[in-house]
Amino acid sequence: MARILLEMKNITKEFPGVKALDNVNLQVEEGEIHALVGENGAGKSTLMNVLSGIYPFGTYTGDIIYNGEVCKFHTIRDSEARGIVIIHQELALVPEMSIGENMYLGNERGRKSHIDWNTTYAEADKYLKMVGLTESSKVKVKEIGTGKQQLVEIAKALAKQAKLLILDEPTSSLNEEDSKALLDLMLQFKKNGMTMIIITHKLNEVAYVADKITVIRDGSTIETIDNTGHNVDEDRIIKGMVGREITNRFPKREGVAIGEINLEVDHWTVQHPLYPERKVVDDVSIHVRKGEVVGIYGLMGAGRTELAMSIFGQSYGKLLGGTLKINGEEVTLKSPTDAINHKLAYVTEDRKGNGLILSQSIKVNTSLANLDTISSKKVIDKDKEYQVAEEYRGKLSIKTPTVEQLVGNLSGGNQQKVLLAKWMFAEPDILILDEPTRGIDVGAKYEIYCIINDLAKAGKSVIMISSELPEVLAMSDRIYIMNASRLVGEMKSSEATQENTMAMILKSGRGD
């Protein structure tokens with residue numbers, strides 16, 4: 001029987017008015033991959049923040065027993081000194097610094113007054129090789145893609161001599177190919193004796209890599225499932241996570257009459273904002289009808305987000321050519337304000353960076369895109385603002401005791417609902433949803449899907465961009481496939497499969 005490397009016993013953590021963890025127990029064996037699953041807000045990240053010293057000893061009750069010793073971590077440095085390293089969902093890299101500088105930031109090689117750059121880059125290159133990266137550690141982080149940045153974070157953890165590696169949603173920003181490569185790397189690390197804890201909402205990933213799965217719901221441990229045979233019943237996990245069975249992960253859309261073309265994009269071509277020789281969107285033509293959900297699928301770098309942002313008031317890149325029609329009339333949208341005024345909304349994939357103001361309340365965030373409606377002579381009517389936020393809290397089932405709650409304190413699923421509320425309050429006719437379910441759990445996803453169906457039923461035109469192909473296939477009426485900045489195919493959802501969709505991409509020739 002394998003040795004217990006980590007035991008967390010009766011961990012309880014409270015925030016003002018909220019018990020985030022309630023007597024949680026977790027056992028992790030040496031050399032295993034242990035998955036931690038649960039809905040957003042269940043307490044998974046809180047538990048790992050307790051383990052890593054982000055929430056220091058004394059701010060919680062219970063015991064952390066690591067390597068046979070009771071540990072009292074006061075800072076993250078304390079846990080790292082014992083070989084416990086956490087990689088957060090939001091990558092903690094400085095784009096303008098080199099890979100090597102990022103890897104040893106705060107842990108510099110050399111003496112107090114002098115950094116030994118030769119040693120720094122030599123060691124960094126060694127760890128980059130371990131994770132399969134061929135780039136020099138002298139390359140700036142901004143010059144590599146998101147998938148490679150995730151590998152840099154892992155190399156950074158290895159440089160800290162990690163013995164227990166915690167990965168919080170490591171594939172949330174990766175395409176299927178990069179996700180598979182990362183999971184395979186984890187399996188290789190396991191063969192070499194490393195112990196890992198992975199937090200993920202993607203149950204196929206859990207089934208693929210995890211030896212054991214601990215389910216947490218509402219701050220409590222529900223059960224730990226043995227998955228050494230890698231044949232776990234996903235329905236059992238879902239029931240443990242949400243407290244009920246979900247017989248269909250994608251709700252059916254019924255009673256929707258698809259109408260006339262509402263948005264038409266013709267021969268749309270966009271130049272990269274920094275590299276004029278590169279086209280990020282190359283001669284793309286699409287359309288969407290009233291009451292229709294149109295999916296756009298492609299691998300990372302295909303140009304999906306660039307297309308969406310350039311349509312939304314030319315908020316990315318430089319438009320080189322093409323026309324945009326709304327309700328049959330050609331329009332020129334030079335700014336997001338122009339787009340909003342033409343009843344067009346863009347729900348960004350980056351809700352924390354570009355979509356929401358985390359330091360502000362639900363109330364403030366909900367009204368941001370339509371302040372004129374709640375203002376008089378440029379003065380916001382606070383009562384109206386509150387009423388609007390309350391209305392959308394009810395409509396979208398946003399779980400919060402009050403709309404005065406800071407958005408940064410909400411779970412990912414509820415943050416996503418606030419972002420949708422913000423744009424629904426702007427009363428658009430056309431909504432572009434960019435990765436609307438990224439980083440949220442299966443229960444919250446279902447609720448977002450229901451909102452999308454309701455929007456279509458109300459006659460709205462919806463464009464949904466997603467990296468999850470099953471989601472695109474299940475939720476769309478039609479699907480556009482992009483690759484290397486170009487449109488490479490279009491299919492009705494009834495004709496589309498994972499196989500023929502991927503075949504279109506591969507036959508078109510992969511771009512960088």
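This tour visits a pocket and then a pair of helices that pack together. The structure is a predicted model.

**First stop: the centre of the pocket.** Select Asn40, Gly41, Asn409, Leu410 and Ser411, the residues that lie nearest the centre of the second largest pocket. This pocket has a volume of about 1,500 Å³, and its lining comprises 47 residues.

**Second stop: the walls.** Next, colour strand S2 (18–29) and the helices H1 (44–51), H11 (351–355), H14 (412–425) and H15 (442–457); each of these elements supplies at least two residues of the lining of the second largest pocket. Which element gives the largest share of this lining? The answer is H14, with five residues. If the lining is coloured by class, eleven nonpolar, 22 polar and 14 charged residues appear.

**Third stop: H14 and H15.** Keep H14 and H15 selected, since both also belong to the walls just visited. The two helices pack with their axes 10 Å apart, at an angle of about 15 degrees. Because angles under 35 degrees count as roughly parallel, H14 is described as roughly parallel to H15. Their crossing is left-handed.

**Fourth stop: the contact.** Show the side chains of Gly413, Gln416, Lys417, Leu420 and Met424 in H14. Which residues of H15 do they meet? Add Ala444, Glu447, Ile448, Ile451 and Leu455, which are the H15 side of the contact. By class, the contact between H14 and H15 contains six nonpolar, two polar and two charged residues.

Methods. Residues numbered from 1 in each chain as written. Predicted model: local features only at pLDDT ≥ 70, side-chain atom pairs only at ≥ 80, totals over all residues. Heavy atoms only, no water. 1 Å grid on protein atoms, 1.4 Å probe; cavity = no way out; pocket = protein on both sides within 12 Å on 5 of 7 lines; lining within 4 Å. Points joined across faces, edges and corners; volume = space filled by probe spheres on them. Helix = DSSP H or I, 4+ residues; strand = E, 2+ residues; numbered from the N terminus. Nonpolar A, V, L, I, M, F, W, Y, C, P; charged D, E, K, R; others polar. Axes fitted to C-alpha atoms, helices over the stretch in contact; angles between N-to-C directions. Parallel < 35°, antiparallel > 145°, perpendicular 65-115°, else oblique. Left-handed = near helix turned anticlockwise from the far one by under 90°. Contact = heavy atoms within 4.5 Å.
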